[in-house]
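Visitor: I'd like a close look at one part of this protein, the sheet and whatever sits around it. Here is what I have on screen.

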Amino acid sequence: MRVYASHPNVYYAGSHNNMKLYTLNNCEGSRVYGENLIYYKGKEYREWDPFRSKLAALLILDSKLDLFSKNQICLYLGASSGTTISHLSDMLSEGIIFGVEVAERSMRQLIHNTSQRINIIPILGDANYPENYAKSVFKEVDIVYQDVAQPNQSEIAIKNCNYYLKKNGHLIFAIKSQSIDSIEKSEKVYREEKKSLELSGYEILESVNIHKFAANHIILIAKRKI
Ligand SMILES: C[S@@+](CC[C@H](N)C(=O)[O-])C[C@H]1O[C@@H](n2cnc3c(N)ncnc32)[C@H](O)[C@@H]1O
């Protein structure tokens with residue numbers, strides 16, 4: 001088991017072609033989605049499945065990213081029942097993650113699965129209306145993570161970043177081409193989403209194709225310039 005360079009509380013085992021990712025469990029004994037728990041030198045780690053979590057896929061496919069530190073504040077859009085946000089909670093162990101989710105059923109599961117994780121603040125809300133959760137998101141954020149699979153994904157990302165993301169903060173944006181246009185070629189959809197971000201004052205730092213783990217998805221990393 002080795003420390004994963006520049007990602008707090010992330011560890012890996014195995015070779016590059018068969019890598020297993022883990023986070024140090026900041027909520028000992030608890031699982032969120034049936035993941036394996038392993039023990040190493042007196043500590044407990046949760047296996048992080050890249051087929052269930054696009055952030056795990058991103059870290060496996062682009063190990064040079066240097067975006068995270070333990071005390072960051074993150075706004076997470078599309079928290080669902082808690083799979084990825086729980087691993088972010090392990091990573092940002094001294095930070096805060098505001099998790100926005102529109103579906104009541106998913107929100108109930110999120111609360112059930114993560115209530116012991118004191119750095120997650122669940123927010124039942126629609127990411128199309130960022131002003132509606134301004135009282136809950138009481139700080140500027142370092143990172144916006146978005147995975148909402150909606151036709152207006154970039155509009156949602158830009159609205160939320162303009163509202164909450166600090167200057168030079170990062171957007172991590174999972175784009176599902178089929179949610180935007182099921183007929184158009186993925187590459188064209190991705191190009192248009194990038195252009196919308198650039199025209200709104202965001203610099204695209206990376207574009208990572210994660211098709212190996214999640215069909216028709218890329219992840220964009222963008223920086224707020226203004
Ligand atoms: C692909 S799933 C997210 C999976 C999750 N990010 C993970 O890795 O654990 C997309 C989620 O976005 C939520 N969602 C869709 N539209 C939304 C909106 N406008 N505001 C907030 N959440 C939304 C859906 O209800 C769904 O739970």
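What is the order of the strands in the open sheet of 7 strands, and what kind of pairing does the sheet have?

Guide: Some housekeeping before the sheet. This is a predicted model, so local features need pLDDT of at least 70 and side-chain atom pairs count only at pLDDT 80 or more, while totals for chains, interfaces and linings use all residues. Residues are numbered from 1 along each chain as its sequence is written, and side-chain values use heavy atoms, with hydrogens and water left out.

Now the sheet: reading across, the order is β8-β7-β6-β9-β10-β12-β11, and the pairing is mixed. Strands here are DSSP runs (E, at least two residues), helices likewise (H or I, at least four residues), and both are numbered from the N terminus. Two strands pair if DSSP finds at least two bridges between them. The edges belong to β8 (120-124) and β11 (202-209); each has a single partner strand, so one side of each is left without a neighbour in the sheet. From one strand to the next, the twist averages 15°, with axes being lines fitted to C-alpha atoms (for helices, over the stretch in contact) and angles running from 0 to 180 degrees between N-to-C directions.

Start at the β8 edge. Strand β7 (residues 96-101) runs parallel to β8, and 5 bridges join the two. One residue to click on is F98, whose bridge partner in β8 is I121. Helix α3 (residues 104-114) packs on the sheet here, touching β7 and β8, and its direction makes about 165° with that of β8; contact means heavy atoms within 4.5 Å.

Stay with F98, because it counts as buried at 0% relative accessibility. The cut-offs are under 20% relative accessible area for buried, over 50% for exposed and partly exposed in between, with a 1.4 Å probe and protein chains only. F98 also forms an aromatic pair with F138, edge-to-face, at 5.3 Å centre to centre with 90° between the planes. For that label, rings of Phe, Tyr and Trp (its six-membered ring) need centres within 6.5 Å; planes under 30 degrees apart are stacked, over 60 edge-to-face, and the rest tilted. The pair links distant parts of the chain: F98 sits in strand β7 and F138 in the loop between β8 and β9 (141-146), 40 residues apart. F138 has 51% relative accessibility, so that ring partner counts as exposed. The structure holds 6 aromatic pairs, and ring pairs also link Y133, Y163 and Y164 into a cluster.

Now jump to the β11 side. Strand β12 (residues 217-224) has 7 of its 8 residues buried, so β12 is largely enclosed by the rest of the structure. On one hand, 7 bridges join β12 to strand β10 (residues 165-176), running antiparallel, and A174 has I219 in β12 as its bridge partner. On the other, β11 and β12 are antiparallel too, again with 7 bridges; there, E206 is matched with I221 of β12.

One last stop, for the side chains: K159 lies over the face of Y129, at 5.8 Å from the ring centre. The rule for a charge over a ring is NZ of Lys or CZ of Arg within 6 Å of the ring centre and within 35 degrees of the ring normal.
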